[in-house]
Amino acid sequence: MKKILLLALVSLCCMTNGASAKDAEGDLHAIVMVEGGYSHHFGDLNSTWTQYFNSFQRQLRNGYSLQAAAMGCFSKNVCAGVVVWQKGFTAKDDDFIYNTTETMDMKYIGPVLGVQDYMGPGLLGIYASAGFTHFSDKYVSRTVRMGDTVEDRFVTGAFGYLIDLKYMFCLGKFVMAGPSIGYYGFRVRTDNNGFWAEDWEKEYFRIDGFNVTACLGLRF
């Protein structure tokens, strides 16, 4: 009985994959995708102040990513459109001397160009973009006993880029879903503001990182 059920399950999976792959092999005119998940950034740390402990720095490296893209397809294999994303990172440190918080926010918009092809039960694609990044970082530190507060906010624009690799399982004729791995980066001018640079003489600091997200898409 167990063998029969196992064979029936395998047969059903094969039929489902076959149907999905067959439905996928159609003309592509447009793709719309939304995704969300985990984001990690590398690059320069923002401050050399003594409040920045290792645990605080690790917190600030890890955050979330939200992204959306709309693309028109010139053929089954080539598409172009626009992509927007937002990433957020937050760190907190409370001890007997300082209460420190920092919130980092990144927003991006730019044109995107992609190449893709049907492989197995889904669509494999790589998408690249270069556009405008809005970077914002707010730092607040309060001395517990004295009540003194240090607060600063740094906002600037930068030229950035994005590269995404996606595999989207085709769930019927129009809907697809799957994992996405992306790499992004940009370079920020500090105007010699030492509070936001790794050292007092640096004019730029670099931020780049990767995303691991779940993606949902519609194809027409």
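Start inside, at the largest cavity: it holds about 60 Å³ of space. Keep in mind that this is a predicted model. The structure has two cavities of 30 Å³ or more.

**Stop 1: the cavity wall.** Select M33, Q67, A69, M71, V83, V112, Y127, L162, D164 and K166; these residues line the largest cavity. Now colour the selection by class. Seven lining residues are nonpolar, one is polar and two are charged.

**Stop 2: the strands behind the wall.** Show strand 2 (62–73). Add strand 6 (149–171). Strands 2 and 6 each give at least two residues to the lining of the largest cavity.

**Stop 3: out to the surface.** Keep strand 6 on screen. Which residues make up the nonpolar patch on the surface? Select Y38, F42, V115, M119, L124, I126, Y161, I163, L165, I181, Y183 and V212. Together they offer about 1000 Å² of accessible area.

**Stop 4: where the patch comes from.** Show strand 4 (98–119), strand 5 (122–143) and strand 7 (175–189) alongside strand 6. Each of these four strands supplies at least two patch residues. Which strand gives the largest share? Strand 6 does, with three residues.

**Stop 5: F42.** Zoom in on F42, a member of the patch. F42 sits in a loop, with strand 1 (30–41) on one side and helix 2 (54–61) on the other in the chain. Is F42 buried or exposed? Its relative accessibility is 35%, so F42 counts as partly exposed. That class lies between buried, under 20%, and exposed, over 50%.

**Last view.** Show the cavity lining and the patch together. Strand 6 supplies residues to the lining and also to the patch.

Technical notes. Residues are numbered from 1 along each chain as its sequence is written. This is a predicted model: local features need pLDDT of at least 70, side-chain atom pairs count only at pLDDT 80 or more; totals for chains, interfaces and linings use all residues. Side-chain values use heavy atoms; hydrogens and water are left out. Patches are made of residues with over 30% relative accessible area and no salt bridge: like charges are joined within 9 Å, nonpolar side chains (Val, Leu, Ile, Met, Phe, Trp, Tyr) within 5 Å. Accessible areas come from the Shrake-Rupley method with a 1.4 Å probe; for residues, only the protein chains shown count as cover. A salt bridge is a side-chain nitrogen of Lys or Arg within 4 Å of a carboxyl oxygen of Asp or Glu. Buried means under 20% relative accessible area, exposed over 50%, partly exposed in between (1.4 Å probe, protein chains only). On a 1 Å grid over the protein atoms alone, a cavity is a set of points where a 1.4 Å probe fits but cannot get out, and a pocket is an open set with protein on both sides within 12 Å along at least five of seven lines; lining residues have an atom within 4 Å of a point. Grid points are joined across faces, edges and corners, and a volume is the space filled by probe spheres set on the points. Ala, Val, Leu, Ile, Met, Phe, Trp, Tyr, Cys and Pro count as nonpolar, Asp, Glu, Lys and Arg as charged, and the others, Gly among them, as polar.
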